[in-house]
Amino acid sequence: MSAAGQRRAIAAWVMYDWAYGAFTTVVSTFVFATYFTRAVAADPASGAAGWAGAQTAAALLITVLSVPLGAVADRGGRRRPMLAAATAIMATATLCLWFVRPVPQDVPLALALVVTATVAFEVATVFYNAMLPGLASPGHLGRLSMLGWGAGYAGGLSCLGLSLVLLISPEVPPFGLDRAQAEHVRATALLAGAWLIVFGWPVSVFVPETAQRAPWGQAVREGMAELREVLRALAGEANLRRFLIARLFYMDGLTTLFAFGGIYAAGTFGMDAQEVLIFGIGLNVTAGLGALGFAFLEDRIGAKTTIMTAVLALAALGTAVLLVHDRTLFWALGLGLGVFVGPAQAASRSLMARLAPADASAAWFGMFALSGRVTAFLGPMALGAVTAAFHSQRAGMAVIPLFLVAGAALLAGVASPGAEIRPPRPGGDIGQPDQLRHQ
């Protein structure tokens with residue numbers, strides 16, 4: 001591949017992070033999740049329960065689908081079309097959220113669409129992440145992963161900002177949208193879905209495949225054989241297994257932090273909905289800046305060291321947040337937490353790219369997706385149990401640093417990946433990844 005083609009492929013890959021950031025911010029976190037619990041569901045309690053149930057259902061489907069589909073993509077040389085299909089499903093389900101009216105009768109429709117979109121999102125990231133090793137030399141995987149993660153935060157915040165300024169905030173909504181029917185809020189789903197389509201398509205065009213195209217029947221047969229190989233290899237790949245288990249713990253901590261951070265801010269410090277939203281935006285800003293700041297540092301200190309640094313910093317700052325009673329200190333420490341969220345996640349992706357066998361990377365990234373989802377209920381369950389036992393949000397939130405420290409302790413036993421980078425199989429390179437060094 002020419003240098004220009006390599007640059008185009010890298011730009012398209014980074015742009016996809018920018019594209020799907022819209023889904024996480026508008027649908028999963030800030031706008032639609034809040035709209036569902038406050039306006040669609042019969043009451044906030046049942047809305048929260050329904051949303052949690054939908055996320056559990058999505059996690060189960062991801063558990064079943066991510067690794068097999070990754071294996072089929074590996075063997076069929078079809079990462080691009082399978083990524084395009086998953087993105088199209090995610091965008092379509094997101095667009096259809098427009099039809100969810102602020103009435104309890106639309107709860108089943110809302111949850112079905114959210115489950116569909118969430119599963120498609122996670123499956124798409126399996127194929128997307130598997131493209132990373134072919135786009136950069138091993139010494140620059142961290143830089144590219146961090147840049148992509150930073151672009152994801154920037155894209156999500158840009159879409160969220162446009163949603164707030166153009167659709168939600170105006171006293172008179174544009175395009176004749178009816179506030180009584182929450183059309184100004186529902187229209188954010190149309191913006192997010194369009195965002196996914198407009199910015200998400202280049203990756204399926206400009207990033208070449210790493211394997212030769214095979215007929216679907218052959219791809220399925222060989223993919224299932226690869227899946228069996230991956231499951232057998234997991235028993236012998238002690239380093240990869242240890243990393244995936246470590247990630248399971250610290251991702252449970254991060255997932256719980258995301259899910260309950262706003263609830264803690266509101267309940268303990270009396271923040272209203274607007275303050276929580278502003279705080280959440282601030283967290284995303286510092287997370288994006290953290291990812292960009294670590295973009296060039298990770299390749300020097302190593303992915304494992306980056307994750308360890310970020311996770312332990314999160315545990316320390318999280319503990320400090322639980323000890324303070326001053327709102328200003330809470331804001332300062334909370335925004336400081338964001339600096340290390342992006343690096344922890346992006347470095348995990350690049351470490352996986354370094355450790356996974358190159359000719360089965362999509363299947364292994366399916367295991368990676370699995371490790372971030374399969375026990376996602378443990379953190380919230382532990383938090384709820386401790387909160388109920390001590391009648392204290394602070395006590396409940398204390399489980400988060402424990403999950404983070406446990407993950408860091410397990411990660412300490414993972415061998416440095418420098419000597420374990422798997423070479424790609426013959427003919428499997430995308431262009432010349434070393435060209436990234438000269439950009």
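## Exercises on aromatic pairs, a surface patch and confidence

Trp-13, Tyr-16, Tyr-20, Phe-23, Phe-121 and Tyr-128 form one aromatic cluster. Keep in mind that this is a predicted model, where local features need pLDDT (the predictor's confidence in each residue, from 0 to 100) of at least 70, side-chain atom pairs count only at pLDDT 80 or more, and totals for chains, interfaces and linings use all residues. Numbering runs from 1 along each chain as its sequence is written, and side-chain values use heavy atoms, with hydrogens and water left out.

**Exercise 1.** Classify the ring pair of Tyr-16 and Tyr-128, and place both residues in the chain.

*Step 1.* Grab the cut-offs: rings of Phe, Tyr and Trp (its six-membered ring) pair if their centres lie within 6.5 Å; planes under 30 degrees apart are stacked, over 60 edge-to-face, and the rest tilted. The whole structure has 17 aromatic pairs by this search.

*Step 2.* Tyr-16 and Tyr-128 sit 5.0 Å centre to centre with 40° between the planes, a tilted pair.

*Step 3.* Tyr-16 is in helix α1 (residues 3-30) and Tyr-128 in helix α5 (residues 107-130), so the pair links parts of the chain 112 residues apart. Helices here are DSSP runs (H or I, at least four residues), numbered from the N terminus.

*Step 4.* Buried means under 20% relative accessible area, exposed over 50%, and partly exposed in between (1.4 Å probe, protein chains only). Tyr-16 comes out at 1%, so it's buried, and Tyr-128 is buried too, at 0%.

**Exercise 2.** What kind of pair do Phe-279 and Trp-331 make, and which helices hold them?

*Step 1.* Their ring centres are 5.2 Å apart and the planes meet at 80°, so call this pair edge-to-face.

*Step 2.* Phe-279 belongs to helix α11 (residues 273-293) and Trp-331 to helix α14 (residues 327-355), so the pair ties together parts 52 residues apart in sequence.

*Step 3.* Phe-279 is buried at 6%, whereas Trp-331 is partly exposed at 22%.

**Exercise 3.** Is Leu-61 buried or partly exposed, and which helix is it in?

*Step 1.* Leu-61 lies in helix α3 (residues 44-76).

*Step 2.* Its relative accessibility is 38%, so Leu-61 counts as partly exposed.

**Exercise 4.** Which helix has the lowest mean pLDDT, and which the highest?

*Step 1.* Start with the protein chain: it averages a pLDDT of 81, and 84% of the residues score at least 70.

*Step 2.* Among its elements, helix α9 (residues 216-236) is lowest with a mean of 68, and helix α7 (residues 183-200) is highest with 95.

Terms used: Helix = DSSP H or I, 4+ residues; strand = E, 2+ residues; numbered from the N terminus.
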